[in-house]
Amino acid sequence: TALQLCSEKEALVSTVCDRQVFPLFQQEDPELADGAPGQEGEPAAKDYNQLQAYYSQESRVLYLVLTSICDTPQLLRACGDLAAAESREAGPGHPSGGPAPLPHAEAHEFWKHQEKLHCLSLLYLFSVCHILLLVHPTCSFDITYDRVFRALDGLRQKVLPSLKAAIKDCPVGKEWKLNCRPCPPRLLFLFQLNGALKVDPLPSRGQDPCGHLEKPPPKKHSPKRRLQHALEDQIYRIFRKSRVLTNQSINCLFTVPANQAFVYIVAGGAQDGDDPVAMLLDQLRSNCTMRETDSLLAPTLSGPRRYQMMRHGRQQLSFHAESSSSSSSSSGQLVDCTLKEFLWQHVELVLSKKGFDDSVGRNPQPSHFELPTYQKWVAAALKLYEVTIEGKDDDPTSLTGELSSKIMGSIKVLEGYLDIDTKFSENRCQKALPMAHSAYQSNLPHNYTMTVHKNQLAQALRVYSQHARGPAFHKYAMQLNEDCYKFWSNGHQLCEERSLTDQHCVHKFHLLPKAGEKPEADRNPPVLYHNSRARSTGACNCGRKQAPRDDPFDIKAANYDFYQLLEEKCCGKLEHINFPIFQPSTPDPAPARDESSPAPPEGEIEKLKEKEPQTQGESTGLSLALSLGQSTGSLGTYPPDAQGGGDNAESHGQSGDSKSEKRPSLVDRQASTVEYLPGMLHSNCPKGLLPKFSSWSLVKLGPAKAYNFHTGLDQQGFIPGTNYLMPWDIVIRTRTEDEGDLDTNSWPAPNKAVPGKRSAVVMGRGRRRDDIARAFVGFEYEDARGRRFMCSGPDKVMKVMGGGPKESAIKALNSDMPLYILSSTQGRGLKPHYAQFMRLFVVVPDAPLQITLTPQVQPGPPPCPVFYPEKQEIILPSDGLWVLRFPYAYVTERGPCFPPKESQQLMSYKVLRGILKAITQ
């Protein structure tokens, strides 16, 4: 259609019929506005093709006008719907503030889908019409129609069996049922100049523009007639070259007459196309001004007066020549015919039932022709409409709005003709796929992880995006993704499991052996245990024996199984302080799933609280850890002891008596016997749960005298000069001199010792005497190569030349000790080696004091939880050399806490201060 409102296709029918056939202002079809049922008005679900019909009883002609996406009004409506859909998808919170642009592939698919629907509507017109008029908005032929007609011809040959089945019961002739059309339709062309071609000839070279020279004699045909002949020759050559037109008209989609004009040109002026506002003003002026000619023309007017008055300003569609019968004018040129005269020379052949004889060649075959009655035509046209437009099948159960399977399969023929962009894009993307595959597989190991797969896939997509173009880009990018994933998962997938030291398993994708099942490497997938091929050297619980160990992948192998194997060879006969573990009461206990702590019903809790004797210490007492703001939220076995076991003076070791222990709460003391803790005990664990095994170990190496201050520990793996424990002097306050058998103001006899005192140190005359008990503490670190050393403070490795360490342990006890420290002997590589805090050595003297052990470890920066043993406060018996072995790995419900990387701060991984407390008795 034309770009101007005054050149719509409906106006052509009004011009030929000499009356206003269709309304001037079209109302939007509600079905077209809402889309198909159940599609919620999406643009892709709409069919913008509109078919209007008008039957003229006077001339016995039925007019069908097709308005499609190729016409300006429908194109504007489709663009508006797309913009509205983009706005709905973007929403009010879109960061750009405007609608999100439609992806290129989706937009291309939308327009090509509408073009397919347009072709189906054209197929319907070519199946029910005798004559078709193709309207061009310009005076040049659109070459893309050749591609459309070839697509229609191929589609018609594919769907011909379906069309035959649709009209087999219609009251039409045999030839119509066989060819699914009344005759090979004749196609006519209408072009609109719209001021592009000036009818007045320009002066030639050598001719005076002022008109002094004589004008050349007029030619036989006008410029419009010559343009018409040139367009006819051009169109015929194009269709003959592309095999759309052949010698036998019965095999063609349409025909053109050999001896009649099939091109008509509608001449337009500047007032019609160049300035729409001026054209409207001229129409208004001509309609509102009474002219003298109106009274003379009134008797000859036919049709509604309103339409006749509007035609004063719209003369481009109807040419009132002097007489169509006269063959020439006074100037010698042939007079151009009107649009109605141009059409009626073809319509008369149909109405007279002569038909079209458009076959050429030596042996032309006659084509069939049938002029049905109105009722017969409506019956056949309705069946064809249901098949081609609505998509109904002969099956009564088929749904309206869905193309039948036969039609849908035949539409694929259209894609090869219409969607040239997609065909080029697919060819281009198919050539880019091998290059992308090569980029993916370059420098790949035989087995690799998901991270390597994603990195290689990103590289392949970069190579693909450099060569692929067009609407098929996304489709083949998805295919590339699938191909690379299939290549990776087909025997090249590495096990994704990481060890507790952050090392990958070296096996390809495998299954773990079940209980009692042996590993089988030949199965597909193989059944194997995880293995990172990383080995380290570790010491047993007491530290006296070292053995190699594999890189652990589960918490039990890391913190329990390895030490249990060495327990039989070394530490089995030593005295242990066992930590409480889960004791099942059912044969099949289950791991805890909910993070909420299991508790008795509220009624039972209230009853238990009423029976408990409450003291002030239970409600207000705080331990040293809580007073320093390091609450762990631990429950352990005896949580009240951890939270309220003594006042502040006792915690600092000044004075006090801790013999009167508080009674723990009955609710907190009861651990679950049905559910166990699957990991380790930490500050975020559910309440009242215990693990199946303890990751900690507390062993007594011997009495206090087993440690020699001058020689240090006699164990394997220690770096020379680092195997010493630091002294910790604890002041024990005793009775004053005036107590007992001595007078208050008397001096003791010379050379007479006070009974009941040992290791007396005179603090002052007549004052009091203090005893000092010496304990020893050692913080042992161990690296992966089995090298062990003690630290005398944070980031300070002990180095003793002889005679024992001079530094006191008070500084280390009052500081946060790092969980990891750089090993004192680094390797040749650039990667640093870390040593981990593994053991705490404590020598408890035979003295009237009580040393309490409260280990707390935070193996990572916040919000990493704090880990502690199942019994948080352990009272070490006197006269003993005790060893607390720390866990090798720390694991929560969310996964393991990996060792630090090079860029991470080591002080975020720490053993909290307050690990030892001394209380005199």
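So, Ser121: buried or exposed? Its relative accessibility comes out at 6%, so we call Ser121 buried. Bear in mind that this is a predicted model. Ser121 sits in helix α4, which covers residues 104-128. And what does Ser121 touch, once you skip the neighbours within four places in sequence? The answer is Asn49, Leu66 and Ile389.

Okay, out to the surface. Tyr374 belongs to helix α13, residues 374-388. With a relative accessible area of 43%, Tyr374 counts as partly exposed, because that label covers whatever falls between the 20% cut-off for buried and the 50% cut-off for exposed. Tyr374 also has company: together with Tyr55 and Val378 it makes up a nonpolar surface patch. Added up, the three give about 260 Å² of accessible area.

Now let me jump a long way down the numbering, to Val844. That one is in strand β19, residues 834-844. Val844 has 0% relative accessibility, so it goes down as buried. Which residues is Val844 in contact with, again leaving out those within four places in sequence? There's Ala704, there's Ile851, then Leu876, Pro877, Ser878, Asp879 and Gly880, and finally Trp882. Take Trp882 from that set: it is 38 residues away from Val844 along the chain, yet the two C-alpha atoms are 7.7 Å apart.

Last stop, helix α7, and I'll spend a bit more time here. The helix runs over residues 223-241, so to speak 19 residues' worth. From first C-alpha to last, α7 reaches 27 Å, and that's close to the 27 Å you'd expect at 1.5 Å a residue.

Which residues of α7 are buried? Those are Lys224, Arg225, Gln228, Leu231, Glu232, Ile235, Ile238 and Phe239. If you look down the axis of α7, the buried residues stay within an arc of 155°, so they line one face of the helix. The spacing makes sense if you remember the textbook helix: there are 3.6 residues a turn, so positions three or four places apart point the same way.

What do those buried residues pack against? Three elements: α5 (144-166), β4 (186-192) and β5 (263-266). Over on the other side of α7, Arg237 and Lys241 are exposed.

One more thing to click on while you have α7 on screen: just after the helix, Arg243 has a positive phi, about 65°.

Terms used. Residues numbered from 1 in each chain as written. Predicted model: local features only at pLDDT ≥ 70, side-chain atom pairs only at ≥ 80, totals over all residues. Heavy atoms only, no water. Helix = DSSP H or I, 4+ residues; strand = E, 2+ residues; numbered from the N terminus. Buried < 20%, exposed > 50% of the residue type's maximum accessible area, 1.4 Å probe, protein only. Contact = heavy atoms within 4.5 Å. Patch = residues over 30% accessible without salt bridge, like charges linked within 9 Å, V, L, I, M, F, W, Y side chains within 5 Å. Areas by Shrake-Rupley, 256 points an atom, 1.4 Å probe, with all protein chains shown as cover. Salt bridge = Lys/Arg side-chain N within 4 Å of Asp/Glu carboxyl O. Expected span 1.5 Å × (residues − 1). Arc of directions from axis to C-beta.
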